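Hi,

Here is the model I promised to pass on. Could you load it and keep it open while you read the rest?

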Amino acid sequence: MRAGRVTDLRRETVGLFYHGFDNYMRVAFPEDELRPVSCTPLTRDAKNPRNVELNDVLGNYSLTLIDSLSTLAILASAPLDDGNTGPKALRDFQDGVAALVEQYGDGRPGRSGAGLRGRGFDVDSKVQVFETVIRGVGGLLSAHLFAIGALPITGYEPLDPDGDPLDPRPVVWPNGLKYDGQLLRLALDLGQRLLPAFYTKTGMPYPRVNLRHGIPFYTNSPLHDTPAGAPGAEGAPEITETCSAGAGSLVLEFTVLSRLSGDPRFEQLAKRAFWAVWYRKSQIGLIGAGVDAEEGHWIGGFSVIGAGADSFFEYALKSHILLSGHELPNRTAPAASSMPGWMDPNVLFPPLSDTENSPEAFLEAWHHAHAAIKRHLYTDRDHPHYQNVNLWTGSLASYWVDSLGAYYSGLLVLAGELDEAVETNLLYTAIWTRYAALPERWSLRDKTVEGGLGWWPLRPEFIESTYHLYRATKDPWHLYVGEMVLRDITRRCWTPCGWAGLQNVVNGEKSDRMESFFLGETAKYLYLLFDDDHPLNKLDAAYVFTTEGHPLLIPKVKTRDGRPRGSSHRTDLIAYYDDTYTNSCPAYPPPIPLTGSVTAARKDLYHAARMLDLHLLPSSPSGPDVVEGQEQSLVRSNPALFPWTLPLHVLPENGTCNPINSPNEIMLEFAANAQQVVAGSSFNFMLGSQNMERLTTDRIRVSSLSGLKITLRLEEGEEREWRVNKVNGVPLGRDEFIVLDRAILGDVSDPRFNLVRDPVFTKLQHLHKVVLNSNHTEDHPDEDGDLVVDQDAPLLYQPTDHSSPPVTSRVAEFGSMVKSLLTRMVSSLDIQPAPSSASAVAGSPALPFNFVVNQTAVVPTGLGTAPLPTITVPAGARVPEFGPVDPSVFPWSTVYAGGDACAGPLPDAAPRDHQVLVLRRGGCSFSEKLANIPAHAPSPRSLQLVVVVSGEEDDGADYKSYALSAAAPGLIRPLLEEVQRTPGGLERRHPIPMVMVAGGEVAYHQLAVAERVGLARRYYLESQGVRVRNIIVDEGDAGVNP
């Protein structure tokens, strides 16, 4: 884009801002917002306190002016060739500060602290904590940083080069105001009025607080008390539901407030609230949108990047940026007795750790949060975008994207995820091109506005991401996107009295409200997009924009020698670095010759347009607003190529497009019959099917093939594989599994659904008996009084390694482990012997509890490999919880532990009298271990299987093997490179079957003391010769150990 054109757009943006700001100051100030259609002030809805859409935000403290101050400070650095823009904006900034001080005082305790509207923000307004922090506290702090020179304004340098930004000298402004920190004191006043909301048992703040009376409406708070004249708790109970964004997105503002004021309470409260949300993430790493601040449980069960969770992710990364290079905070609060009305909710909780206060911890949280989003929410179907999924399973929950989610591309830019940022931003650009705004929700399935939610209240998220993308790429594409936004706002939202949001983006109906963030964010990002040389764009400091668009930083304190102080000298905290994540910003590809735009030449550019069906629109979707003499626009040619302001010459002449990504899916439907098995569970409310039972959060058992319908999606990666993404109409997450009993599969064989025996993996099962006995004898002491390991059963365990502890020690260790585990199992499952069992008879011994350990085993490969035993655990076998076990389930009852079997031949009795031989890996090759097993006559009582137990410490050069693929990470498939031989060197007449398991020392001794051992073959399903990844064929362990 020509420099002159950028200059024109910058100046138009200044005019856009002032049209709204001047009308607000003329018509609405000192009220909160402006009604641009009726040209009147917009205030709180006093007649309807439950109108939270208005009352949560409008606190009766001149909100729009506070939100606009940082934008005025940014405009004050306008280039000199923009005429009077800079000097006027600086005067307006200083006059705005003076107007606030006049209305609310200067924050001091004396007479000067009382303004025309009150002393500070002592107003009877119940407001939302989150909105008040990001708009009120954040706006005041950002303006204060500009006022003292900590953030740059061209030509304005109030701070002495050797001065302390935490204790700046007063500066007299041309309007007569002597600025000495009034905005900081007002921010502190407002922050203190929010403290009662943090009196919860979870650490997450209540969603609302009264700026004068606190929280008398939250009756369960330890702070609950209803003073005279205050609104009490009558009527319906106050809602305690907040959102992850509302509870966890306070760190930036409250940290800066604490560091500037010296009051540590705010920083600790905000960080504790952030971690309170993060620690509640699901097992797959996702956080929900809604959460109960009082009880701490998730509400709704959705995981999204947009409304409800958006700024939580933003503050994870930006908190790391803000805190980097600074010392850990001072956590010693001033004496409570020295201040009236002192509150410190931190006393309800243990102090945060140094790690929780460190910037590295927030970076780690961001990395893991984004990894979970990329795993479960990101999809490349049609064009890359983010879905809304189930919090616990990751399964698809809804088919829409919301306008708030447009911020995420800009956040990815800051994180160095540039390609993902560019590709996902294209969809929002196409949506804007389609509607000349972003509807609140857009349906991916119906390709229209979702559920009538078609308003656009002048939101900033899309232009915010456009700004960050341009800063990272300098691709002119994003300048043309910014021009499109500016043109459409000017055309659709202008009123004689300001700028109106759109109530309906389809028909252009206006709403009578100009939200404060339009001047505080939308206009600000538009301006910075078109002012490439702005000092804020060149600032080399750890500053961030808050979620309300207010720039913040922590000023560095200077030491006596004049050097900045703030970096922590502690190295024990700098422990987090993971090179599997993006830790730096990549270089952007060089511009395409002649066109200058890499984005316009992307091979997936058309994909986003296709999702919106832009090719089906009339040739002028945005109206005839192309002025004569401007660059030729696509609005006259092809709306499928967007944005509509993009000149034709930016597109490559020979541009090509990749095929749209439409994954290969097939649906299999099994015939229904009357033999259907019915299963039920209290967890099945989400399944809606009688032959489906949820076993765990990630596993669903299908108890019958009758009438079963499954949808398979072919996934192309390192290996081609099918994934079941829907079963009986229920969507599945990426890491959800279907469990099918081997017994119900029978001998199913069909090219589309074929049962295959796994040639590499098998399952080793060993049985241990534990006595659940409350009547202890001297021989079985137990402090807990409920579980005892039966050590009287015969255990054949002859370790050849004399350095190993004695057998009784190992038995006791394993028994202690089993006991600890079973204590938790019994307490949670309420397992009790049947009343008719022998344990119910007075004086009779307790029946033993059958504890089965399942281990994945890998078979060897090479010349020395022998077939596995034909006697295996029967398909569908079930082990009773108590009492005797059918010997056919676990056919082998004698175990010999032979150490590493490298020192020489084992005793003749080892293979002759024992059915299972357990060896440790390492010390010699696998072939050498087998060669040290004496020859023996085959019989049912002699050696049936050798189990080698591997551990990480065994890795070395004394064995030969190769690693398996990702199917079993960390497990090695043994290589038997020569035929098996006897200790005498002869070729073994009856080769010995062998498997290997992981687990190291613990697994070795578990097997050594096992009551019985069995081997179950593993199976998997494939379709058209390709394996189905997430179907588990269950051989009796409920798919717990696939």
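Below are my notes on the disulfides, one helix pair and one sheet.

First, the ground rules. This is a predicted model, so local features need pLDDT of at least 70 and side-chain atom pairs count only at pLDDT 80 or more, while totals for chains, interfaces and linings use all residues. Residues are numbered from 1 along each chain as its sequence is written, and side-chain values use heavy atoms, with hydrogens and water left out.

**Disulfides**

How many disulfides does a search of the whole structure find? Two turn up, taking a disulfide as a pair of cysteine sulfur atoms within 2.5 Å. With the bonded cysteines of the chain numbered in sequence order, the pairing reads 1-2, 3-4.

One of them joins cysteine 39 to cysteine 497, S to S 2.1 Å. This pair links distant parts of the chain, 458 residues apart: cysteine 39 sits in the loop between strand S1 (33-35) and strand S2 (40-42), and cysteine 497 in the loop between strand S17 (494-495) and strand S18 (498-499). (Helices, H or I with at least four residues, and strands, E with at least two, are DSSP runs numbered from the N terminus.) The torsion about the S-S bond of cysteine 39 and cysteine 497 is about 60°, so this disulfide is right-handed. As for exposure, cysteine 39 is partly exposed at 31% relative accessible area, whereas cysteine 497 is buried at 3%. Here buried means under 20% relative accessible area, exposed over 50% and partly exposed in between, with a 1.4 Å probe and protein chains only.

The other joins cysteine 902 to cysteine 924, S to S 2.0 Å. Its S-S torsion is about -80°, so it is left-handed. Cysteine 902 lies in the loop between strand S33 (895-897) and helix H22 (909-913), and cysteine 924 in the loop between strand S34 (916-920) and helix H23 (926-931), so the pair ties together parts that are 22 residues apart in sequence. Cysteine 902 is partly exposed at 25%, and cysteine 924 is buried at 7%.

**A helix pair**

The axes of H1 (residues 3-28) and H17 (residues 516-529) come within 9 Å and cross at roughly 170°. Axes are lines fitted to C-alpha atoms, for helices over the stretch in contact, and angles run from 0 to 180 degrees between N-to-C directions. H1 and H17 are therefore roughly antiparallel, the label for angles over 145 degrees. Residues making the contact (heavy atoms within 4.5 Å) include Phe17 and Phe21 of H1, and Leu519 and Tyr527 of H17.

**A sheet**

Four strands form an open antiparallel sheet in the order S23-S26-S27-S28; strands pair if DSSP finds at least two bridges between them. Which are the edge strands? They are S23 (665-669) and S28 (730-731), each pairing on one side only.

S26 (residues 709-715) and S27 pair over six bridges, with glutamate 715 opposite glutamate 721 in S27. A hairpin joins S26 to S27 through five residues. S27 (residues 721-727) then pairs with S28 over two bridges, where lysine 726 has proline 731 of S28 as its bridge partner. In the hairpin of S27 and S28, which has two residues between the strands, asparagine 728 takes a positive phi near 50°. Five of the seven residues of S27 are buried, so S27 is largely enclosed by the rest of the structure.

Cheers

Methods. Parallel < 35°, antiparallel > 145°, perpendicular 65-115°, else oblique.
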